[in-house]
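Thanks, everyone. I have one structure to go through today, and I will keep to confidence and salt bridges. Please look at the screen.

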Amino acid sequence: QQKQEDIIVKKVIALVIFVLMSFASYIGYQKFKSNEFIDTVTPHLKNTSLRVTNGISHELDVNSKITFKEIFNKLEEDIAEMEKRKLEIQTITNETNKDISSSAVEYIKASQAFTRSSLSYSRKLLAKRSASDWMDRKIEEYKAADGSYSREYERKSATQAIDDFTKASLEFLDASPEVLESAKTLKTSREIVARTFPNDSLVPQDKLDEFIKKFSPKSKDSDEPTPKK
């Protein structure tokens, strides 16, 4: 009887050991697959982050000689490339890695939104500058007008130019809060994705903080853009 009980105990112990080893193997395999997925996705985040970082650097560099046309082309290209990276991540997402994938995709979406708002900001800035130049020109032409008909015509033109400048200025004022909020959203998304992905694959924290500071309402130079005509 005792011998039979010992055999049963040994079998139970062996079964427990087998279950524990199987569980450990399963956990180890899942960890391996997670790390493999992270390694696959990281280059997509690096590419996205580099594009965002370059855009921020252009904006913060007061001596930058980049033109508006170059900025527009670059940001549009960045948005399209980020879309490709996002789709590539989504195509390899499954039930086991969906949580990791979600944070990466949201980071790229936040990067896209930030880039779109930066593009909108630059476009509205150019519109404001162009409207300002046109207004100055029409005012000078009005001052130089000779004759009642000519003077009346130039007065109407100058008034229209002033109205256009006012509209462009108001639209530009709306662009600054938008780009600021998108930068803050990106910062939050960065904090989440940094729990899983390498820090050096993300936009540098200090760059984001510097950008946010520049566009915060208290900043005197928040409306001093980088691109030149």
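I will start with how far the model can be trusted, and then take the salt bridges one by one.

This is a predicted model. The chain averages a pLDDT of 86, and 82% of the residues score at least 70. Confidence is highest in helix α2, residues 68–91, at a mean of 95. The lowest mean is in helix α1, residues 2–60, at 76. There is also a stretch, residues 219–229, where the pLDDT is below 50. That stretch still has 38 contacts in the model beyond near neighbours in sequence. Where pLDDT is low, predicted coordinates should not be read in detail.

Now the salt bridges. How many does a search of the whole structure find? The number is 16. I will show three of them.

The first on my list joins Glu77 and Arg51, with the closest N and O atoms 3.6 Å apart. This pair links distant parts of the chain: Glu77 sits in helix α2 and Arg51 in helix α1, 26 residues apart. Are the two partners buried or exposed? Arg51 is buried, because its relative accessible area is 15%, and the cut-off for buried is under 20%. Glu77, at 44%, is partly exposed. The pair also belongs to a wider arrangement: Arg51, Lys74, Glu77 and Asp78 are linked in a network of salt bridges.

Next, a pair within one helix. Glu81 and Arg85 meet through their side chains in a salt bridge, 2.9 Å from N to O. Both residues lie in helix α2, 4 residues apart, which is about one turn of the helix. Here both partners are buried: Glu81 has a relative accessible area of 14%, and Arg85 has 17%.

The last pair is Lys184 with Glu181. Their side chains form a salt bridge at 3.9 Å, N to O. The cut-off is 4 Å, so this pair counts as a salt bridge. Both residues are in helix α4, residues 148–193, and they are 3 residues apart, again about one turn of the helix. Neither side of this pair is buried: Lys184 is partly exposed at 37% relative accessibility, and Glu181 is partly exposed at 44%.

To recap the settings: Glu77 and Arg51 bridge helices α2 and α1, Glu81 and Arg85 sit within helix α2, and Lys184 and Glu181 sit within helix α4. That is what I have.

Note on methods: Residues are numbered from 1 along each chain as its sequence is written. This is a predicted model: local features need pLDDT of at least 70, side-chain atom pairs count only at pLDDT 80 or more; totals for chains, interfaces and linings use all residues. Side-chain values use heavy atoms; hydrogens and water are left out. pLDDT is the predictor's confidence in each residue, from 0 to 100. Helices (H or I, at least four residues) and strands (E, at least two) are DSSP runs, numbered from the N terminus. Contact means heavy atoms within 4.5 Å. Buried means under 20% relative accessible area, exposed over 50%, partly exposed in between (1.4 Å probe, protein chains only).
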